[in-house]
Amino acid sequence: MLFKNVITVLVLLAAVEAHYYYKPKKTDATCNAVADVIFVYDTSGSIGTPTNQANFDAMKEFMINIVNEFDPVGATGTQFAALCFSVVPKPHFYLNDNNNDADPKQATKDDIQAFSTAPNSRTAIGDALKELSTSFLTPAKGIGRNCAQCFVIVITDGEQNEGTADPVEEANKLRQDKDCIVYVVSIGQANSVQLENIAGGQANVFSVDKFNELNNLVKGLVQAACSNSACVAFPDKNGGHGNHHNGGNRILIPVPMPIMIPADYPVNRNQKNDLKDLISLIKGTKYGYGYGNKFKPSV
């Protein structure tokens with residue numbers, strides 16, 4: 001009897017810890033993946049000029065809305081980077097540039113909002129992807145975190161008509177050498193064989209006819225990235241603002257399924273499942289909760 005009571009108390013204590021320590025943070029964001037997302041976006045003359053920025057502004061809003069769908073943003077969750085291309089690729093910011101900011105998500109959105117339309121010329125997609133492989137995606141610039149999946153999002157309204165590097169070959173190198181998943185956001189080029197090959201298949205192409213329709217793609221693109229991520233990151237004790245380097249807790253949880261968390265996800269569903277998840281964990285059948293399926297101690 002005494003042994004049974006001790007076991008009951010231990011189970012209840014563990015359930016409380018599972019509920020309060022491992023429960024996902026309920027925010028307006030929908031994806032808590034550990035990921036590296038790189039925007040590779042077109043600034044050729046057809047997209048915008050300093051005197052005609054409507055299409056370009058729509059593209060910036062689209063990128064900002066994607067950032068809004070992830071939480072946390074920064075060293076403990078999803079990192080973002082951006083590089084634009086016309087004739088010559090131009091890096092804007094690297095994956096780890098905003099990690100030391102008080103609010104990495106807001107800093108990332110501010111960086112995107114500051115993008116200018118220049119340079120405006122032709123379209124060298126291959127050279128931009130080659131830049132990613134050779135000098136942009138390096139450990140010193142934030143790539144290579146444990147369990148972080150790399151996603152390259154190419155945004156363009158045309159096929160390559162400039163440059164020396166083959167865009168399909170360079171996309172294949174990103175897949176093979178950097179383990180990146182390449183998505184192509186295509187505006188007005190729905191049936192492009194070249195863009196489909198850059199993406200590695202039609203499933204990774206997201207198409208609209210006009211720039212003002214880009215926001216219709218946000219949910220589907222985020223769902224695809226979230227579903228293809230190997231780990232989730234729950235916010236740390238400091239609220240998930242990238243303070244792991246200052247000693248905050250970082251929790252990486254391998255997941256074998258999509259990890260989208262709707263903003264209206266009912267709290268009571270988590271509460272009902274806490275004990276069931278805990279029992280499964282004790283039995284050794286639950287894939288989750290910290291490192292090696294063991295409870296992560298507080299630090």
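## Terms and overview

In what follows, Ala, Val, Leu, Ile, Met, Phe, Trp, Tyr, Cys and Pro count as nonpolar, Asp, Glu, Lys and Arg count as charged, and the others, with Gly among them, count as polar. The structure described here is a predicted model.

The secondary structure of the protein chain comes to 8 helices and 8 strands, and of the 299 residues in the chain, 48% are buried. Among contacts between residues at least 6 apart in sequence, 78% join residues that are at least 24 apart. The surface that the protein chain exposes comes to about 13,800 Å², of which carbon and sulfur atoms supply 52%.

## The nonpolar cores

In soluble globular proteins, nonpolar side chains tend to be buried together. The largest nonpolar core in this model has 41 residues, and those with the most contacts inside it are Phe39, Ile66 and Ile155. At least two residues of this core are supplied by each of strand 1, helix 2, strand 2, strand 4 (149–156), strand 5 (180–187), strand 6 (205–208) and helix 7 (218–227). Helix 2 provides the largest share of this core, with 8 residues.

Isoleucine 66 can be followed in greater detail: leaving aside residues up to four places away in sequence, Ile66 touches Phe39, Phe80, Ile153, Val218, Leu221 and Val222. Apart from the largest core lies another core, of 25 residues, which includes Leu129, Phe136, Val184 and Ala199.

## Helices and their packing

Three helices may be taken in sequence order. In helix 3 (residues 104–113), the buried residues are Pro104, Lys105, Ala107, Thr108, Lys109 and Ile112, and they pack against strand 1 (35–42), helix 2 (54–68), strand 2 (78–85) and strand 3 (89–93). In helix 4 (125–136), the buried residues are Ile125, Gly126, Asp127, Ala128, Leu129, Leu132, Ser133 and Phe136. These buried residues of helix 4 pack against strand 1, strand 2, strand 3, strand 4, helix 5 and helix 6 (193–199).

In helix 7, Val218, Leu221, Val222, Ala224, Ala225 and Cys226 are buried, and the buried residues of this helix pack against helix 2, strand 4, strand 5 and strand 6. Val218, Leu221 and Val222 are among the residues that Ile66 touches.

Asparagine 215 lies in the loop between strand 6 and helix 7, and because its relative accessibility is 32%, asparagine 215 counts as partly exposed. Not counting residues up to four places away in sequence, asparagine 215 touches Glu61, Phe62 and Asn65. The C-alpha atoms of asparagine 215 and asparagine 65 are separated by 7.6 Å, although the two residues are 150 residues apart along the chain.

## Cavities

Rolling a probe the size of a water molecule over the atoms shows where empty space is left. In this model the count comes to 3 cavities of 30 Å³ or more, and the second largest cavity has a volume of about 40 Å³.

The lining of the second largest cavity is formed by Val73, Gly74, Thr78, Gln79, Phe80, Leu95, Asn98, Asn99, Pro104 and Thr108. Strand 2 and helix 3 are the elements that give two or more residues to this lining, and strand 2 gives the most, with 3 residues. By class, the lining has 4 nonpolar and 6 polar residues, and no charged residues. Two of the lining residues, Pro104 and Thr108, also appear among the buried residues of helix 3.

## Backbone details

Most residues other than glycine have a negative phi, and most peptide bonds are trans. A cis peptide bond joins aspartate 71 and proline 72, with omega at about 0°, and proline 72 is found in the loop between helix 2 and strand 2.

Two residues other than glycine can be described by a positive phi. Cysteine 147, with phi near 75°, is found in the loop between helix 4 and strand 4, and because its relative accessibility is 24%, cysteine 147 counts as partly exposed. Aspartate 179, with phi near 55°, is found in the loop between helix 5 (167–177) and strand 5; at 52% relative accessibility, aspartate 179 counts as exposed, since exposed means over 50%.

Technical notes. Residues are numbered from 1 along each chain as its sequence is written. This is a predicted model: local features need pLDDT of at least 70, side-chain atom pairs count only at pLDDT 80 or more; totals for chains, interfaces and linings use all residues. Side-chain values use heavy atoms; hydrogens and water are left out. Buried means under 20% relative accessible area, exposed over 50%, partly exposed in between (1.4 Å probe, protein chains only). Helices (H or I, at least four residues) and strands (E, at least two) are DSSP runs, numbered from the N terminus. Contact means heavy atoms within 4.5 Å. A nonpolar core is a set of buried Ala, Val, Leu, Ile, Met, Phe, Trp, Tyr and Cys residues joined through side-chain atoms within 4.5 Å. On a 1 Å grid over the protein atoms alone, a cavity is a set of points where a 1.4 Å probe fits but cannot get out, and a pocket is an open set with protein on both sides within 12 Å along at least five of seven lines; lining residues have an atom within 4 Å of a point. Grid points are joined across faces, edges and corners, and a volume is the space filled by probe spheres set on the points. Accessible areas come from the Shrake-Rupley method with a 1.4 Å probe; for residues, only the protein chains shown count as cover.
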